[in-house]
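Welcome! Take a moment to look over the chain before reading on, and then follow the report one topic at a time.

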Amino acid sequence: MAWKTLDDMSLDGKRVLVRVDINVPVEDGKVTDATRIERIVPTIKDIQAKGGRPILLAHFGRPKGQRVPEMSLRVTVPALEAALGQPVTFIDGQYGAAVAAMGPSDVLLLENLRFNPGEEKNDEGFAERLATLGDIYVNDAFSAAHRAHSSTEALARRLPACAGRLMQAELSALEAALAVPERPLVAVVGGAKVSTKLDLLGNLVEKVDHLVIGGGMANTFLAAQGIAIGKSLAEREMTDTATAILEKAKATGCAIHLPADIVVAREFKAGAASETLPADACPEDAMILDAGPETVASLKEVFASCRTLIWNGPLGAFEIPPFDAATNAAATAAAELTKAGKLISVAGGGDTVSALNQAGVVGDFSYISTAGGAFLEWMEGKTLPGVAALTEE
Ligand code: AMP
């Protein structure tokens with residue numbers, strides 16, 4: 001762990017620039033889900049407890065370097081005030097004067113950083129101007145850490161920098177799951193396509209002991225082994241790539257788990273007539289929409305033999321019952337092992353979080369990352385610029 005936390009910083013009387021992710025859903029001028037806002041509260045409270053004065057930096061939507069009134073962060077102020085239990089001063093100009101006038105218990109929120117074209121370009125000049133507003137930099141926006149923007153990267157190099165509590169929790173969980181995991185380590189990768197998860201599979205095959213491949217991408221792997229998959233979603237042009245991944249797994253000693261049985265249907269709709277068949281028995285006019293119970297039973301055994309699990313992507317077309325069965329059952333098994341203290345379980349990615357939500361197990365995993373792109377890039381083994389900037393001396 002080469003990055004600092006709030007515990008390493010002296011903040012008394014300091015102006016603290018805090019990069020947060022409060023890119024929350026809004027309807028009719030109101031925040032409809034304040035989860036992201038609630039999650040930054042511990043960081044702000046800890047800064048205040050240490051005598052620091054928080055100045056919040058954030059983006060909202062994609063205004064592309066222009067002032068777009070509908071994308072003003074002003075809309076988040078009531079939800080921020082409710083979460084913090086104190087007033088929040090919103091600033092959309094004259095930043096220097098506002099910061100100079102800041103009282104010891106004030107919290108400031110600056111206007112959407114992406115209104116400035118410099119932000120997304122990681123512009124040094126824009127970062128320099130931001131740096132003049134504070135003494136210390138805290139990054140609490142893991143979900144924006146895969147982008148090198150002025151407020152996530154260039155700014156971090158200009159001021160004494162550390163991770164906020166949310167970033168700290170996220171990085172600790174992710175490091176425990178993949179950088180220095182307790183073994184055996186199993187990864188579950190599902191979802192629609194191999195092509196969007198190539199880097200992910202390539203990296204995991206080198207690092208994990210067991211790799212479970214599910215969902216639409218498993219169909220491509222079955223096809224690569226010469227198994228007929230009927231009308232299933234698959235990328236038939238990717239079968240060579242799938243074969244190469246299987247070869248690499250053999251070389252690295254990673255055990256690959258593909259579905260042993262499948263649930264097929266002729267229609268892609270809720271309650272469609274379905275049947276469970278061996279993986280090599282998909283009828284010509286049917287499509288594979290989920291893994292079957294035999295597959296789930298063997299996954300449970302794999303999970304039970306492991307100490308750490310990392311999960312991205314559903315095992316079937318989970319939005320449409322009954323094709324959510326394998327995802328739900330496997331998720332429940334992982335949750336039970338976690339509750340029993342036998343497994344460390346980390347999951348992330350947009351679809352994965354909704355699948356686990358649907359299975360009702362979100363609270364039982366060791367850690368669930370809500371950061372989509374950043375979580376995936378980290379699982380791919382890539383360096384996240386926002387994290388790297390925190391670790392530079
Ligand atoms: P991804 O965004 O790559 O994680 O893919 C998630 C999507 O893949 C979800 O919308 C699932 O419904 C879909 N999916 C998973 N398995 C299948 C399958 N066997 N056939 C069709 N779609 C699937």
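Is E153 buried or exposed? In this predicted model, E153 is buried, and its relative accessible area is 11%.

## A charged pair, and others like it

Let us stay with E153 for a moment. Its side chain joins that of R157 in a salt bridge, with 2.7 Å from N to O. The partner sits in another setting: R157 counts as partly exposed, at 38% relative accessibility. In general, side chains of opposite charge can pair when their charged atoms come close.

How many salt bridges does a search of the whole structure find? The search finds 20. One of them links the side chains of K248 and E206, at 3.0 Å from N to O.

## Two domains

Now step back to the whole chain. The domain assignment gives domain 1, covering 6–167, and domain 2, covering 181–379. Six residues of domain 1 and 10 residues of domain 2 make up the contact between them. If you compare the C-alpha centres of domain 1 and domain 2, you will find them 37 Å apart.

## Where the domains meet

The size of an interface is often given as the accessible area lost when the parts come together. Here, domain 1 and domain 2 bury about 560 Å² between them, and 54% of that area is on carbon and sulfur atoms. Which three residues supply more than any others of the area that domain 1 buries against domain 2? They are R39, F142 and H146, which together supply 77% of it.

What kinds of residue does domain 1 bring to this interface? Its side that touches domain 2 has two nonpolar, two polar and two charged residues. Across the interface of domain 1 and domain 2, the rule finds zero salt bridges, but one residue pair is in polar contact there.

## Cysteines without a bond

How many disulfides does the rule count? The count comes to zero. Take C254 as an example: why does it not bond to C306? The sulfur of C306 is the closest cysteine sulfur to that of C254, yet the two are 10 Å apart, which is too far for a bond; a disulfide needs the sulfur atoms within 2.5 Å.

You can also check how covered these residues are. C254 is buried, with a relative accessible area of 6%, and C282 is buried as well, with a value of 8%.

Conventions
Residues numbered from 1 in each chain as written. Predicted model: local features only at pLDDT ≥ 70, side-chain atom pairs only at ≥ 80, totals over all residues. Heavy atoms only, no water. Domains from an automatic or database assignment. Contact = heavy atoms within 4.5 Å. Buried area = accessible area lost by both parts, 1.4 Å probe. Salt bridge = Lys/Arg side-chain N within 4 Å of Asp/Glu carboxyl O. Polar contact = N/O pair within 3.5 Å; in protein donor to acceptor, adjacent residues only side chain to side chain. Nonpolar A, V, L, I, M, F, W, Y, C, P; charged D, E, K, R; others polar. Buried < 20%, exposed > 50% of the residue type's maximum accessible area, 1.4 Å probe, protein only.
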